[in-house]
Amino acid sequence: MNTMKVILTSALVLWCGICFAEVNVVASIPDLGDMAKRIGGDRIKLTVLASGREDLHGVPARPSFIPKLHKADLLISLGLDAEHSWLPALAAEARNNRIMEYREGWIEVHEGVQLLDIPEVISRSEGEQHAEGNPHINIGPQNGRFMAENIAYALMEFDPEGSSEYDANLTEYSGELDSLVAVLKDKGAALAGIKVISYHADISYLATFYGMDVVGTLEPKPGIEPTARHLAQLSKTAQKQKVQLVIYNQAQPSKLPEKFADRIGISAVQIGNMAGAVSEAGTWGQLQQYNLQQLLEGMDLK
Ligand SMILES: [Zn+2]
């Protein structure tokens, strides 16, 4: 009887072990965590590093990230140098062979995305340049589908037994994203042709999606603090070109864009730079809705 019990218990433990062989997934930002959860469901154990309120390029590297990265099967990031100032150093510190840079466990989600702002010349004098293109793909509604697909393919490759589940989840999620994109396009149609200025060069995909025209940035060059001289020039350009809106995000100081907009008699509006930026934008889809709502409110179109 006892032997039987032992055998049964062992079989059950083994069986459950197989059932719940979770994939350890670490996502750099909440957008990617949200998507990984939608596709991976119960098959993954998820850790998200950034809270979403930070500057994408400057997430504070907490020591608590290291053990999580040490156990990661997959590390999912935007790539294109979006996280270059904080993630590679952490990954190196974590001493996990799967996720050392460029190894098979480090996944970037931009494959398939139509990249913008690819520099013609790379030069130190141009500030923080991104050689492969603008890394802020996560605030472009047009890019969600590709991001989700890249995550799904990475999970399928690492955990082939879960392929049909990942595939079914991807199909369902992609359907939701397609509907969301259609709604955003429709509601945001009034933004087409509007001239805007952003704080940092981070709204290229967002502007492209809604047909807005980015005339300039408050930062003279990416990652370089605004200077009085640059702002004075930009102010003249903005008036000449009839710029209608200044766009900044929750991680940037609000005083400067508000003051700049006020001086030329237009509005400044705050958007979120990633999921989790504000409480009402917890998921990637909610972030896109929130950003559109903010833009429409800024233009008095709502
Ligand atoms: Zn940037």
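A residue counts as buried if 20 or more other C-beta atoms lie within 10 Å of its own. By that test, helix 2 is mostly covered: 10 of its 11 residues are buried. The model is a predicted one. This report starts from helix 2 and works outward.

**Helix 2 and its surroundings**

The buried residues of helix 2 are P30, D31, L32, G33, D34, M35, A36, R38, I39 and G40. They pack against three strands and three helices, set out below.

| Element packed against buried residues of helix 2 | Residues |
|---|---|
| strand 1 | 23–27 |
| strand 2 | 44–48 |
| strand 3 | 74–77 |
| helix 10 | 284–298 |
| helix 5 | 144–158 |
| helix 6 | 163–187 |

Just after helix 2 comes G41. Its phi is positive, near 50 degrees.

**Crossing with helix 6**

How do the axes of helix 2 and helix 6 cross, and at roughly what angle? The axes of helix 2 (residues 30–40) and helix 6 come within 7 Å and cross at roughly 125 degrees. Helix 2 is therefore oblique to helix 6. On the helix 2 side, R38, I39 and G40 make the contact. Helix 6 contributes Y166, N169, L170 and Y173. By class, the residues of this contact are four nonpolar, two polar and one charged.

**The nonpolar core**

The largest nonpolar core has 77 residues. Which members touch the most others? They are A36, I39, L69, L75, I76, A148 and I151. Helix 5 gives this core its largest share, six residues. The core also draws at least three residues from each of domain 1 and domain 2.

A148 shows how these parts meet. Beyond its neighbours within four places in sequence, A148 is in contact with M35, I39, L170, Y173, S174 and L177. Of these, M35 and I39 are among the buried residues of helix 2. L170 and Y173 belong to the helix 6 side of the crossing.

**Two domains**

The chain is divided into domain 1 (20–182) and domain 2 (190–298). Their C-alpha centres lie 25 Å apart. The contact between them takes 29 residues from domain 1 and 25 residues from domain 2. Which element supplies the largest share of the domain 1 side? Helix 2 does, with four residues. By class, that side of domain 1 has 10 nonpolar, 11 polar and eight charged residues.

Helix 2 thus recurs throughout. Its residues help form the crossing with helix 6, and four of them lie on the side of domain 1 that touches domain 2.

Note on methods. Residues are numbered from 1 along each chain as its sequence is written. This is a predicted model: local features need pLDDT of at least 70, side-chain atom pairs count only at pLDDT 80 or more; totals for chains, interfaces and linings use all residues. Axes are lines fitted to C-alpha atoms, for helices over the stretch in contact, and angles run from 0 to 180 degrees between N-to-C directions. Helices (H or I, at least four residues) and strands (E, at least two) are DSSP runs, numbered from the N terminus. Angles under 35 degrees count as roughly parallel, over 145 as roughly antiparallel, 65 to 115 as roughly perpendicular and the rest as oblique. Two residues are in contact if their C-beta atoms, placed from the backbone, lie within 7 Å. Ala, Val, Leu, Ile, Met, Phe, Trp, Tyr, Cys and Pro count as nonpolar, Asp, Glu, Lys and Arg as charged, and the others, Gly among them, as polar. Domain bounds come from an automatic or database domain assignment. A nonpolar core is a set of buried Ala, Val, Leu, Ile, Met, Phe, Trp, Tyr and Cys residues joined through C-beta atoms within 7 Å. A residue is buried if 20 or more other C-beta atoms lie within 10 Å of its own, exposed if 12 or fewer, and partly exposed in between; C-beta atoms are placed from the backbone.
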